[in-house]
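Hi everyone, thanks for making time for this. I'd like to walk you through one structure today, so let me put it on the screen and we can go around it together.

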Amino acid sequence: MTQLELKSLTKSYGAYKVFDGLNLAAEPGEIVVIFGGSGTGKTILLRLIAGVEEPTSGLIEIEGNDVADIAPEHRNIGMAFQNFALFPHLSAFENIATPLRAQNASAELVRSGVDKVAKLLKIDHVLGHAPRELSNGQKQRTALARALAAGPRILLLDDPLRNVDAKLRFEMRLELPRLLRQTGAAVLYVTQDYKEAMALADRIAVIANGKFIQTAAPEDIYLKPATLGVAQLFGDPSINTADTKVELAGKTVNVTLGGAKVPIVSSYSSYAGRLVTFGVRPEAVEINASKGAGLAANVMAVTPLNERTVLLLHSEGGWEFLASLPSSATNIPEPGAKVKASFAASGTHLFDKTTAERLHG
């Protein structure tokens, strides 16, 4: 049975509409990442599910039951926040025990419940410490343990790694999926870090302008973005773009980039004459010797970034774009070099100029 389902969920504050007909389902043990920029309503969505706020219209169902008339404390939901929100006067043990005590659990059940999640999250050695005595990593794990302690059916995580250092954030991206799936809860995880979304999610729901623009597996979000906006949200460096038109010359399909005709896959032939935005991922830009085939360009700058090296290129026709090459590559040119660039089909997209929707080639 679906653990959590949103049906045509709408939320307005006066004339301002935050959401307009959201639909989403999450299964037991599934991690769904809600991804979007600041101000898109991600936290408000979690508050609606938790019962802290009421929707303007639509349904929130838990295990097939409408929870509109069920108080927050009876929805069996765990929640963790980006600012930890630990009670400063309580020990780590008592913070974790809070939801169990709210259920009037026996002392034995409280002890066993706290010990279980503390060992799972490797904080059993600091249970007697006050929050001020904990590192940020220990605070984050304590807040997560509190959310898990009562065995909730649904777990709402509001950007919980945002205030921890980069090393711990990287480690938790590796650990969290395993830990969360062990709970069997349906997890909604809010973040605006695309790498975090890609690392943690079974599915990503991209939210903007009050709607889920695309809900899909991480690899599909990246390789088959529904819109130009989604494509631009994922990837570092971001996707290269240029406004152009699809042209047909015999059996060859071309777009014009910086005044030069560049061939693209023939499956786009049905869009001949259409105004589009051409997009290519920097890692899909292939660099060849200046005498090879491809778009003639000058190398303006070369920036090593650990395992990748990013090239800033300027085509002879005036189009500026980026290429991302493995740092181990033997063909990385020097600044000032003249090269030819071609584009791998897997990282190349066309988007409708008016709607910004990806065209299927």
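Let's start at a single pair of residues: I287 sits opposite A341, which belongs to β19. That pair is part of a ladder in which β15, residues 285–288, is joined to β19, residues 338–343, by four bridges, and the two strands run antiparallel. Before I go further, please keep in mind that this is a predicted model.

Now stay with β19 for a moment, as it has another partner to show you. Strand β16, covering residues 295–305, is also joined to β19 by four bridges, again with antiparallel strands. If you want a residue to click on there, take N298, whose bridge partner in β19 is K338.

On to the sheets. How many strands form the open sheet that contains β13 and β20? There are five, in the order β13-β12-β11-β14-β20, and the pairing is antiparallel. At the edges you find β13, residues 260–264, and β20, residues 348–352, each of which pairs on one side only. On average, neighbouring strands in this sheet are turned by 40° against each other, if we ignore direction.

Inside that sheet, have a look at β11 and β14. Residues 240–249 make up β11 and residues 275–280 make up β14; six bridges join these antiparallel strands. One pair to pick out is A242, with F278 as its bridge partner in β14.

While we are around β11, follow the chain back a little. P237 is found in the loop between α8, residues 228–233, and β11. The peptide bond leading from D236 into P237 is cis, with omega near 5°. So do zoom in on the backbone there.

Next, the other open sheet I want to show you. Six strands form it, ordered β6-β7-β8-β3-β9-β10, and here the pairing is mixed. The edge strands are β6 and β10, the latter spanning 211–216, and each of them pairs on one side only. Ignoring direction once more, the average turn between neighbouring strands of this sheet is 20°.

Which way do β3 and β9 run relative to each other, parallel or antiparallel? They run parallel: four bridges join β3, residues 31–35, to β9, residues 203–208. V32 is a good place to check this, with R203 as its bridge partner in β9.

From the edge strand β6, let's move along to a backbone detail. A85 lies in the loop between β6 and α2. This residue has a positive phi of about 55°, although it is not a glycine.

That brings us to the helices. The axes of α2 and α3, where α3 covers residues 107–120, come within 9 Å and cross at roughly 125°. The two helices, α2 and α3, are therefore oblique to each other. Their crossing is right-handed.

For a second helix pair, please turn to α4 and α5. Helix α5 covers residues 166–183, and it packs with α4 at an angle of about 15°, the axes being 13 Å apart. That angle makes α4 roughly parallel to α5. The crossing of α4 and α5 is right-handed.

Finally, the pockets. The largest pocket holds about 690 Å³ of space. It is lined by 21 residues, and the closest to its centre are E73, I77, G78, M79 and P99. Which elements give two or more residues to this lining? They are α1 (42–50), β6 (77–80), α2 (92–102) and α4 (136–148), so you will recognise some names from a minute ago. By class, this lining has 13 nonpolar, five polar and three charged residues.

The second largest pocket has about 360 Å³ of space. Of its 13 lining residues, the closest to the centre are Y194, K195, D236, E307 and R308. D236 we have already met, at the cis peptide bond to P237. Two or more lining residues come from each of α6 (194–200) and β17 (308–315). This lining divides into five nonpolar, three polar and five charged residues.

That's the tour. I'm happy to go back to any of these spots if you'd like to look again.

Definitions and conventions. Residues are numbered from 1 along each chain as its sequence is written. This is a predicted model: local features need pLDDT of at least 70, side-chain atom pairs count only at pLDDT 80 or more; totals for chains, interfaces and linings use all residues. Side-chain values use heavy atoms; hydrogens and water are left out. On a 1 Å grid over the protein atoms alone, a cavity is a set of points where a 1.4 Å probe fits but cannot get out, and a pocket is an open set with protein on both sides within 12 Å along at least five of seven lines; lining residues have an atom within 4 Å of a point. Grid points are joined across faces, edges and corners, and a volume is the space filled by probe spheres set on the points. Ala, Val, Leu, Ile, Met, Phe, Trp, Tyr, Cys and Pro count as nonpolar, Asp, Glu, Lys and Arg as charged, and the others, Gly among them, as polar. Two strands pair if DSSP finds at least two bridges between them. Axes are lines fitted to C-alpha atoms, for helices over the stretch in contact, and angles run from 0 to 180 degrees between N-to-C directions. Angles under 35 degrees count as roughly parallel, over 145 as roughly antiparallel, 65 to 115 as roughly perpendicular and the rest as oblique. A crossing is left-handed if the near helix is turned anticlockwise from the far one by less than a right angle, and right-handed if clockwise.
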